[in-house]
Amino acid sequence: SSNAEQTQLQDMEEEDAGMEERAMESDEEEEEGMGVENSDDEVDDSSEDEKENEAEIQRLEEQLSINAFDYNCHVDLIKLLKQEGELFRLRKARQKMSELFPLTEEIWLDWLKDEIRLTEEEPNREKVYELFERAVKDYICPDIWLEYAQYSIGGMGSPGGIDKVRSIFERAVTAVGLHMIKGQTVWEAYREFENAILSTVQPPPGRIPSREEQELLNAQLERIHTLFRRQLAIPLMDMEATYAEYEEWSEHGVPETVIYQYKKALEQMEKCRSFEESLLVAEPPKLAEYQAYIDFELKEGDPARIQITFERTLAENCLVPDMWAKCTTYLDRQLKIKDLVLSTHERAVRNCPWAMGLWKSYLQALERHGADHQTVSDVFEKALNAGFIQATDYVEIWQAYLDYLRRRVDFSKESSKELEELRGAFSRSLDYMKQDVEERFGESGDPSCMIMQIWARIEALHCKNIQKARELWDSIMTKGNAKYANMWLEYYNLERSYGDPVHCRKALHRAVQCTSDYPEHVSEVLLTFERVEGSLEDWDVAVQKTETRLNRINEQRAKVAEKEANMARQEEERADQRRKAKTDKKAPKKGFQKGTRAGEKRKADHNDYQNEWTEDAAPKRHRGNGNQTTEEYMETETGLFGRNAPPGYKAAPPGTKKAQHGLVAAAQRQNDDKPELRNDNSSVFISNLAYTLEEPEAKLRTLFEICGPIKQVRPVFSNKGNFKGYGYVQFESPVSVPEALKLDRREVEGRPMFVSPCVDKNKNPDFKVFKYNTSMEKQKIFISGLPFSCTKEQLEEMCKSHGTIKDVRLVTYRSGKPKGLAYVEFADEAQASQAVLKMDGTDIEGNKISVSISNPPRRNMMDKPGSNRPTTDMMPRQAYGS
């Protein structure tokens, strides 16, 4: 078909060149004959516009040479070329776009109407017919079918022309005649055509027709009767008007059978009316409304109506892989019509090439319907070049293709062409994973080497080549799998089934030596094996080996436990030292001031304050109550500011602002001495504020008063009276806290303000405010390489053409400076996938950005002292090989 399209394009190019020449000659003759005089200003303006448009055309063509899959760029180029009247380049641009993408109904109709105007001569009609045939394959569109049928009427005078028109109309009513809204227009056009034929076979008034003429007349009348009957048996909007028209047209009234079919269709239409009305008022893409309609039709069970409902849905939701999957699954399991099934699968992967599941289903459908081997292989190669979004997709598509190749092999023969092709494909798949997939994703997508495991089992089971299977398993174990018990047991089971006791024993001995996740289990399997198969000498060796290995494992575990205990003890000692230091700061200093009461805070010197920043602990707030001191550990994003004070902190010189220091200290004492005023459930913790923030209490009160009535604001100051960049806001009611949390990362004097719940870490030691998603977020994209000048609004403007945007977040440092990274969340997975395909590698202000589906890395908790998470060696691993 691609060769035919190329030939068609060449023919059209030649014809186009000739038409452009004729058009230019005609324009010159008109100007000479009419003596048209253009002013210099008009000529200058026109040439200036042409230069600008030509520059934009060249820019778009250059952009497409870099990224041929930029859909919007194709659309813009076609619009501009049409505006400029560049017929040759316009055809070429449309042709290139149609090779890469299914075209929308609007683009096809524009193209077809242009070609119809340009090819009015009879010899060129076949080329337009070919273009129509391509158009009706992309989507089921009533308007395109109607245009096709009406265009064919223009050629009815040629030999076989009437039969061709009828054939196209029949295909049209088959394809879209059930469309409840637009199907009626196709039926009416068909009847108008047959009525026009009727007028040509009716004899003139007053003349009695011959027998042949009467037969022709009766046959034509019967055609029109049949069209009325067929249409009235289908539930269509406004079918009452069609029934009234038939009553008026028919000389002998409407037959009872037609009335029965009409009433039945009318009842069906009433059932569907609510769904049609909901579609009329819904906003695109109307996915929920269409899904409800499909569910209804599936319950009704009419295959033709189910199919047309799917087609209507896909015309408006062509980039939703799940909808294509539902449609193809229905066709595969219910209709099973080869041409219909395969054409729908082809359209599915053409619309959503990034969806691996659609390619996998396509390959299986081709095999199911007996497609030749070359066709299946070509489709598989296209799938490899489709640009899947995760490494595991490539593993799955390879597995599907290898399954297909395995089913082609006749293993009763010792060797065959199919077997060699299967082995070659297995080898190629491993190279592909190692080179192409790992280079792109940083991982092979097949950590447990499932492809190699399947290959080994095929060699052992079907080919009786256990030596090849052993070589493959040796390779599997060298890829980091030797420490997992389930992998060794998988290999052991293979040897038990197809090998011999010697190799079984050897495999279990190696398993005991290498396994680190479940050594007890493989030891037990080895001892059980020797009980059944081995001699006393074999038993003694197995017992000695398992005991030695388990002793060593237990020693390693004891060392790990001791190390963890030491780390916990050191952390506890550091905590004791911090508590002691805090207590010492509060103790009265000899000769400091007469009348100072016990427990009153003394003023710390500059060194004491600096020490606060070097303590490896979460920020604390102190409550004085007699001689007792309690500490509340407040959870923040990174332990407040880490080890260093944020920008803006300056130690106040001694002897300054004494009055202010006294007031601050007094206020803090007053609040801290009244624990009954504090309520963490109705409070929030504020951090990352600048130390230079003036009047922080008034500032915080202004910021948070919109969230609800405030009971008190407690900015935290050092003993010298300097604002420490964090504090607390307590509301009258806990219902204000969720509103306050919405102000998290609000910019305050150039820095993002952090707002988090106020939690007593002594009571809730495991509480974490900031939770990070570590799984793939398929509806969200991650963008890197952005220029630092890029704003949230600019990014939203760039992304909105690819779908509905739910959220845009620019990643910044704590100071508020951008990192050049961003997350954009779309309404669904399909829109996010489309954005990745369209935006990845594009240029923004000289920066080449990288775009991928959001897949946050798993955070390593082992860096935290005192973590009681077990080490990797102690953790069970997913049983990939089971």
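The following dialogue explains how to read several features of this predicted model.

Q: What should be known about the model and its numbering before reading?
A: Residues are numbered from 1 along each chain as its sequence is written, and the model is predicted. Local features need pLDDT of at least 70, side-chain atom pairs count only at pLDDT 80 or more, totals for chains, interfaces and linings use all residues, and side-chain values use heavy atoms, with hydrogens and water left out.

Q: How does one read the pairing of strands, and which strands pair with S8?
A: Strands of a sheet pair through backbone hydrogen bonds, either parallel or antiparallel. Helices (H or I, at least four residues) and strands (E, at least two) are DSSP runs, numbered from the N terminus, and two strands pair if DSSP finds at least two bridges between them. Strand S8 (residues 777–784) pairs with strand S13 (residues 850–854) in the antiparallel sense over five bridges. In that pairing, Ser-784 stands opposite Ser-850. S8 is also joined by five bridges to strand S10 (residues 818–826), again antiparallel; here Ile-783 has Ala-822 as its bridge partner.

Q: What is the order of strands in the open sheet of five strands?
A: The order is S4-S5-S3-S7-S6, with antiparallel pairing. Strand S4 (710–717) and strand S6 (746–748) stand at the edges, each with a single partner strand, so one side of each is left without a neighbour in the sheet. Direction ignored, neighbouring strands of this sheet are turned by 30 degrees against each other on average. S6 is joined by three bridges to strand S7 (residues 751–757), and the two run antiparallel. Within this pair, Glu-747 stands opposite Pro-752 in S7. Helix H29 (residues 696–704) packs on the sheet, touching strand S3 (683–687), S4, strand S5 (723–731), S6 and S7.

Q: How does one judge whether a helix is enclosed, and how many residues of helix H32 are buried?
A: Buried means under 20% relative accessible area, exposed over 50%, and partly exposed in between (1.4 Å probe, protein chains only). In helix H32 (residues 829–839), nine of the eleven residues are buried, so the helix is largely enclosed by the rest of the structure. Among them are Ala-830, Val-836 and Met-839. The buried residues of H32 pack against helix H3 (71–84), helix H15 (321–335), S8, helix H31 (792–799), S10 and S13, where contact means heavy atoms within 4.5 Å. At the start of H32, a side-chain oxygen of Asp-828 reaches to within 3.1 Å of the backbone nitrogen of Ala-830. After H32 comes Gly-841, whose phi is positive, near 85 degrees.

Q: Is Thr-546 buried or exposed?
A: Thr-546 is buried, with a relative accessible area of 5%. This residue is found in helix H26 (residues 536–586). Not counting residues up to four places away in sequence, Thr-546 touches Val-512, Ser-523, Leu-526 and Leu-527.

Q: How does one recognise a salt bridge, and how many does the structure hold?
A: Side chains of opposite charge can pair when their charged atoms come close. A salt bridge is a side-chain nitrogen of Lys or Arg within 4 Å of a carboxyl oxygen of Asp or Glu. The structure holds 47 salt bridges. In one of them, Arg-59 pairs with Glu-56, the closest N and O atoms being 2.9 Å apart. Both residues lie in helix H2 (residues 40–66), three residues apart, about one turn of the helix. Arg-59 is partly exposed at 42% relative accessibility, and Glu-56 is partly exposed at 30%. Elsewhere, Lys-742 and Glu-739 meet in a salt bridge (3.3 Å, N to O); Lys-742 is exposed, with a relative accessible area of 62%. A network of salt bridges links Glu-54, Glu-61, Glu-86 and Arg-89.

Q: How does one describe two packed helices, and at what angle do the axes of H22 and H23 cross?
A: Two packed helices are described by the angle between their axes and the distance between the axes. Axes are lines fitted to C-alpha atoms, for helices over the stretch in contact, and angles run from 0 to 180 degrees between N-to-C directions. The axes of helix H22 (residues 466–481) and helix H23 (residues 485–498) come within 11 Å and cross at roughly 175 degrees. H22 and H23 are therefore roughly antiparallel to each other, the term for angles over 145 degrees (under 35 is roughly parallel, 65 to 115 roughly perpendicular, and the rest oblique). Residues that meet across this pair include Trp-473 in H22 and Trp-488 in H23.

Note on methods: A polar contact is a pair of N or O atoms within 3.5 Å; within protein, one must be able to donate a hydrogen and the other to accept it, and residues adjacent in sequence count only if both atoms are side-chain atoms.
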